[in-house]
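Grab the model and work through these short exercises on how the strands are connected. Try each task before reading its solution.

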Amino acid sequence: CASKPEVVVKLDVSKFTIEALEKKLLKGRFGMVAPDVEINGKGTVLISSEPGETEANNSKALNAFGIASGTRLQADDFLQNYQLAVTIDHSDSLGEDVEFEV
């Protein structure tokens, strides 16, 4: 039984949006197709693979949902049977034009 993949991502929670989390990080960097994302332990759904369910969240920054350094997100892509635990590491000193670091 393999352990679930886990990653620490450094980003600015006041600037990084839910849409960027989905499109740039999960789909772009980690190859997910239709991720569902929730805050670990809270059950707050940030991204749903169901069309229209969470689109209102897209333009909001991560900190609007109480996400800060140490927050753990659980991303599931049921189409690929792929789960990823994401731990957020807040940083406001990333280089210019750098949105996140893994």
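**Exercise 1: a hairpin turn**

Look at the hairpin of S4 and S5: how many residues lie between the strands, and which one takes a positive phi? Strands here are DSSP runs (E, at least two residues), numbered from the N terminus.

Solution. Start with the loop: 4 residues sit between S4 and S5, and Asn81 has a positive phi near 50°. Next, check the strands on either side: S4 (residues 72-77) and S5 run antiparallel, joined by 6 bridges. Then pick out one pair: Asp77 is opposite Tyr82 in S5.

A word on the ground rules: this is a predicted model, where local features need pLDDT of at least 70, side-chain atom pairs count only at pLDDT 80 or more, and totals for chains, interfaces and linings use all residues. Numbering starts from 1 along each chain as its sequence is written, and side-chain values use heavy atoms, with hydrogens and water left out.

**Exercise 2: the other neighbour of S5**

In which sense do S1 and S5 pair, parallel or antiparallel?

Solution. Pairing takes at least two DSSP bridges between two strands. S1 (residues 6-11) and S5 (residues 82-90) have 6, in the parallel sense. For a landmark, find Glu6, whose bridge partner in S5 is Ala85.

**Exercise 3: around S2**

Which strands pair with S2?

Solution. First, S2 (residues 36-39) pairs with S4, antiparallel over 4 bridges; Ile39 partners Leu73 there. Second, S2 pairs with S3 (residues 45-47), antiparallel over 2 bridges, with Val37 opposite Ile47. Finally, the S2 and S3 hairpin has 5 residues between the strands, and Gly41 takes a positive phi near 85°.
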